[in-house]
Amino acid sequence: MGAPKTQVAKPEPGRTQTLHCLEWLNFFLADVQTGLGPFVAAYLASSGWNAGSVGYALTFGGLVTVAMQTPAGAIVDASHRKRALVVASLTTLVCGAILLMFRPTVASVYSAQFLIGGAAPFLLPTVAAITLGIVGAKAFDRQFGKNQAFNSAGNVFTALVVAFVSYRFGYRAIFIVAASLAIPAAVSVLGINGKEIDYTRSRGGERGEKDSNAKGFSTLVGNRTLVYFLFVAFLFHLANAAMLPQLGEMLSKGNPKAAAPFMSACIIVTQLVIAVSAAWIGKRAGARGRKPLLLVGFGVLPIRGVLYTLTHFTGALIAIQLLDGVANAIFGIVSILVIKDLSEGTGRFNLAAGALATMVGIGAALSTTVGGVLIDHAGYRTSFLGLAAIALIAFALLLFLVPETLADSVLKEPGLPPDLDAVTETI
């Protein structure tokens, strides 16, 4: 009689190599996306764009991402060639980076935002699906935590490179770095053995089921806990997304040359926290549950918003980013684990993850616009306090509306089965 469907056999050398390539893929994807992320706001501000115009440009890219997130999840669910999706998305990101290398006109910036916003929805969901397809549901918590640790290490590496390059050669050089780092990311994708990716398992389906047995979207919409969680995720990012770009804009106004190194320092602090804690968070969430960690992550966000109003000292602002690291480490890992819990057995893991990304994207896109408008009319202090108030509402709703999603039987288990430990401990 075969092993239970929730178990994953001890990996052969080929499987171990595939997991290593998967982890390095997360490292280099972070490199590419970091170069095309928070630095864009500082780049545009230093080029003479006002806060409102920067917010509108970032919002446009965010809206493109939002429009694609849920369809992208459905495409990832249906695709048998998930590695090809990653390569195609990387190519599109490179095209966006090339456009940003030129003078930042309205046409070039919005075209770049369209390409970057259209590619982003496919990357993280596809990598998560590949991970689930390789290791299975039981080992997913640990492996996803490891993936995020590599992702954060990649962010730290890129932030250091970007700080040096932008200081020596200017902001446009940032986008050259981002485009160049797509090459090792593509190599990592090709190193993943496509035969190791179980198609049914990669979309949260049951072993042996046919494609037609995947549940409909109505199954997800009818899940009240999922709906509540998607809403609090929206509020979290409505409060969170604009905070770091606003800091970059604020500093670039007085000293444009110092803005990029400051942004790099903030990113490094945040990503170091994530890199150090990600694997532990994945393991802890699997052993003790999702909600306690989520409450910590949501709880530090309003505190961070208030602290930004109390000082303009660069060292203190960078230190505050420790809270950003805590919040983003927990949300980035545990939110996907919640989605896995709520979609398990439906065959719609990636569609549900796409719905989460849609709500995150809507929140992030509106955040930059709301923040920019508040800055233009009332200043940076009011903007940070407004975002902190939204974060506090998100915490309260999470506390009262969203229950624990990890099954009671799993919480009572002392640990993973020995063969599952072997999957993660041997890599």
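**Notes on a helical chain: packing, buried polar residues and aromatic pairs**

1. Let me start with Gln 148, which counts as buried because its relative accessibility is 15%, under the 20% limit for that class. This is a predicted model, so please read every value below as computed from it. Gln 148 sits in helix H6, residues 137–169. Apart from neighbours within four places in sequence, Gln 148 touches Asn 26, Ile 274, Ala 278, Gly 332 and Ile 333.

2. One of those partners deserves a closer look. Asn 26 belongs to helix H1, which covers residues 13–35. Asn 26 is buried as well, with a relative accessible area of 3%. Once neighbours within four places in sequence are set aside, the contacts of Asn 26 are Val 127, Asn 147, Gln 148, Phe 150 and Asn 151. Gln 148 thus appears among the contacts of Asn 26, and Asn 26 among those of Gln 148.

3. Now for the overall picture. The protein chain has 19 helices and zero strands. Of its 427 residues, 56% count as buried. Among contacts with a separation of 6 or more, 86% join residues 24 or more positions apart.

4. Which aromatic residues form one cluster? They are Trp 24, Phe 27, Phe 28, Phe 150 and Phe 157. Phe 150 is also on the contact list of Asn 26, so you may like to view this point together with the second one, given that Asn 26 is buried at 3%.

5. The whole structure holds 13 aromatic pairs. In one of them, Phe 27 and Phe 157 are tilted, with 5.8 Å centre to centre and 40° between the planes. Phe 27 lies in helix H1 and Phe 157 in helix H6, so this pair ties together parts that are 130 residues apart in sequence. Are the two rings buried or partly exposed? Phe 27 counts as buried at 11% relative accessibility, whereas Phe 157 is partly exposed, with a relative accessible area of 38%.

6. A second pair is made by Tyr 308 and Phe 384: the ring centres are 5.1 Å apart and the planes stand at 50°, so this pair is tilted. The link again joins distant parts of the chain, with Tyr 308 in the loop between H14 and H15, and Phe 384 in helix H17 (residues 380–401), 76 residues apart. Tyr 308 is buried, with a relative accessible area of 1%, and Phe 384 counts as buried at 1% relative accessibility.

7. On to helix packing. Helix H3 (residues 51–78) and helix H5 (residues 106–135) pack at about 35°, their axes 7 Å apart. The crossing of H3 past H5 is right-handed. Contributors from H3 include Tyr 56, Phe 60, Gly 61, Val 64 and Met 68, while those from H5 include Tyr 110, Phe 114, Gly 117, Gly 118, Pro 121 and Pro 125. By class, this contact has 17 nonpolar, seven polar and no charged residues.

8. Helix H14 (residues 291–307) and helix H15 (residues 314–343) give another packed pair: their axes come within 8 Å and cross at roughly 150°. Here H14 passes H15 in a left-handed crossing. Among the residues in contact are Leu 293, Phe 298 and Arg 304 of H14, and Ile 320, Asp 324 and Phe 331 of H15. The class count for the contact of H14 with H15 is 15 nonpolar, two polar and two charged.

9. Two helices can be checked for length. Helix H16 (residues 349–378) has 30 residues and reaches 42 Å from its first C-alpha to its last, close to the 44 Å expected at 1.5 Å a residue. Gly 379 follows H16 and has a positive phi, near 100°. For the 17 residues of helix H11 (residues 224–240), the expected span is 24 Å, which agrees with the 24 Å between its end C-alpha atoms. H11 is mostly covered, with 13 of its 17 residues buried.

10. A last small item is Ala 173, found in helix H7 (residues 172–180). Ala 173 is buried, with a relative accessible area of 13%. Where does Val 162 stand relative to Ala 173? The two are eleven residues apart in sequence and 8.2 Å apart in space, C-alpha to C-alpha.

Key
Residues numbered from 1 in each chain as written. Predicted model: local features only at pLDDT ≥ 70, side-chain atom pairs only at ≥ 80, totals over all residues. Heavy atoms only, no water. Axes fitted to C-alpha atoms, helices over the stretch in contact; angles between N-to-C directions. Helix = DSSP H or I, 4+ residues; strand = E, 2+ residues; numbered from the N terminus. Left-handed = near helix turned anticlockwise from the far one by under 90°. Contact = heavy atoms within 4.5 Å. Nonpolar A, V, L, I, M, F, W, Y, C, P; charged D, E, K, R; others polar. Buried < 20%, exposed > 50% of the residue type's maximum accessible area, 1.4 Å probe, protein only. Expected span 1.5 Å × (residues − 1). Phe/Tyr/Trp six-rings, centres within 6.5 Å; stacked < 30°, edge-to-face > 60°.
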